[in-house]
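Trainee: I have a structure open and would like to learn how to read it. Please take me through some features, step by step.

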Amino acid sequence: MLKGKKIVVGVTGSIAAYKTAVLVRLLVKEGAHVRVLMTDAAKEFITPLTLATLSKNPVVSSFTKGDMGEWNNHVEIANWADLLLIAPASADTLARMAHGTCDNVLLAVYLSASCPVVVAPAMDLEMYRHATTVTNLKTLAENGNTILPAAKGELASGLLGEGRMQEPEEIVAFVKKKFDHKLPLTGVKAMVTAGPTQEPIDAVRYISNRSSGKMGLALARELSRQGAEVTLISGPIALEPDEGIRTIQIETAAEMHTACMKIFSGQKLVLMAAAVADYTPIKPATHKLKKKDNNTAIELKPTTDILAEMGSKKKKSQVLVGFALETNDEMANAKSKRKNKNLDMIVLNSLNDQGAGFGHNTNKISIIDHKNRITTFELKPKNQVASDIVDKIIQEYFS
Ligand code: CTP
């Protein structure tokens, strides 16, 4: 969970600072990259050398560094961090944070940080329950910081009560939970079709179209990024799907039909982005057809409209999204395709828009939803178009 996460640990002047050694060690063991900030008071309780060694990074405790006096390391550190964890946070540091005082590098990083901030207070019990501390903690929570309340127990003063910093193991468990936000499509089974189909004329020739499969692949990738379990059913394309996306390769419309219907009933979400042939040769020759001097014709029969069949069999809980590529009467055609095929949504791209459609890296789409509401987007790279489509689906059906 913490693998590759960048965590800045701020250490302030409290006896609980000795526990920070274990905290840093545990975070590093979990795979996090850790950088430590110390106030001068913190150095009275634990040495920078200990924390530098355990974090595998130099400890920062002043604004400036080296002969050139780099003065803006607080900005760099704040931008680097995925999380700022202040543990232990003394009563003094809490007060300064609550009031925006900025006279040490830890406070400057705090004010510069846009990442989440977690604070683990540690102090004696009277200090902890003092009205000023209580107000400061309330202000910090209202400002969007997460407070890990101090625990009850024996304190360094010998007194018993609230004020102990939470144990390093508990802090790490909390931090792990914080990074474990569920993705919006976690557990959702999604099927995406992509690319063209190839309809054989004879042993060496086929009828196909110019679909590159880029849009379908971008959709599969985006759905997977949002947590979905994606199956991609793809016609012959030059691109490699991402690892982790289960891919079924087909050639003909009939094969795509069989592959789709095999898994359709188990899918929660289906995006039919493939350019399926509408016709296929009635009798493809098993050998190579010989050239003749006169005109010739290939007799074609319609293929099954896979999307329409899925629309007619669809359960209420399933979300079915179709695509329409049009050259004229775009909106009217797309609207009637959505209705006739019983779709929850249809994505229209018009070949009249420059940069949209087959082969391009960009696309310009409109989405028509089940209430015939239209959302139109700008011309964008296909991966951004994919994220617009997936965002719209999440917004309508998964949030
Ligand atoms: N589609 C399908 N099976 C087919 C043909 C199309 O599932 N045999 C799907 C496409 O994947 C797309 C949608 O139907 O999601 C619309 O495809 P399109 O070619 O735009 O429309 P058609 O319904 O084939 O109608 P026309 O070609 O006459 O515009």
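Mentor: We will go through helix packing, the ligand site and the backbone.

Mentor: This is a predicted model, where local features need pLDDT of at least 70, side-chain atom pairs count only at pLDDT 80 or more, and totals for chains, interfaces and linings use all residues. Residues are numbered from 1 along each chain as its sequence is written, and side-chain values use heavy atoms, without hydrogens and water.

Trainee: What describes two packed helices?

Mentor: The angle between their axes and the distance between the axes. Axes are lines fitted to C-alpha atoms, for helices over the stretch in contact, and angles run from 0 to 180 degrees between N-to-C directions. Helices (H or I, at least four residues) and strands (E, at least two) are DSSP runs, numbered from the N terminus. Take H1 (residues 20-29) and H8 (residues 168-179): their angle is about 40°, and their axes are 9 Å apart.

Trainee: Why is H1 called oblique to H8?

Mentor: The angle makes H1 oblique to H8. Under 35 degrees counts as roughly parallel, over 145 as roughly antiparallel, 65 to 115 as roughly perpendicular, and the rest as oblique.

Trainee: Which residues make the contact?

Mentor: Val22, Leu23, Leu26 and Leu27 of H1 meet Pro168, Glu169, Ile171 and Val172 of H8. Contact means heavy atoms within 4.5 Å. By class, seven are nonpolar, none polar and one charged. Ala, Val, Leu, Ile, Met, Phe, Trp, Tyr, Cys and Pro count as nonpolar, Asp, Glu, Lys and Arg as charged, and the others, Gly among them, as polar.

Trainee: How many residues surround the ligand?

Mentor: There are 16, and the closest are Met272, Ala274, Phe323, Lys337 and Lys341. A residue counts if one of its heavy atoms lies within 4 Å.

Trainee: Where are the ligand's polar contacts?

Mentor: A polar contact is a pair of N or O atoms within 3.5 Å. A polar backbone atom of Met272 is 2.7 Å from a ligand oxygen. A ligand nitrogen is 3.3 Å from an N or O atom in the Thr303 side chain. A backbone N or O atom of Ile306 lies 3.1 Å from a ligand nitrogen.

Trainee: What is usual for phi and peptide bonds?

Mentor: Most residues other than glycine have a negative phi, and most peptide bonds are trans. Here, the bond from Ala87 to Pro88 is cis, with omega near 0°. Pro88 is in strand E3 (residues 83-89). Asn342 is not a glycine, yet has a positive phi of about 55°. Asn342 is in the loop between helix H12 (330-340) and strand E17 (345-350).

Conventions
Polar contact = N/O pair within 3.5 Å; in protein donor to acceptor, adjacent residues only side chain to side chain.
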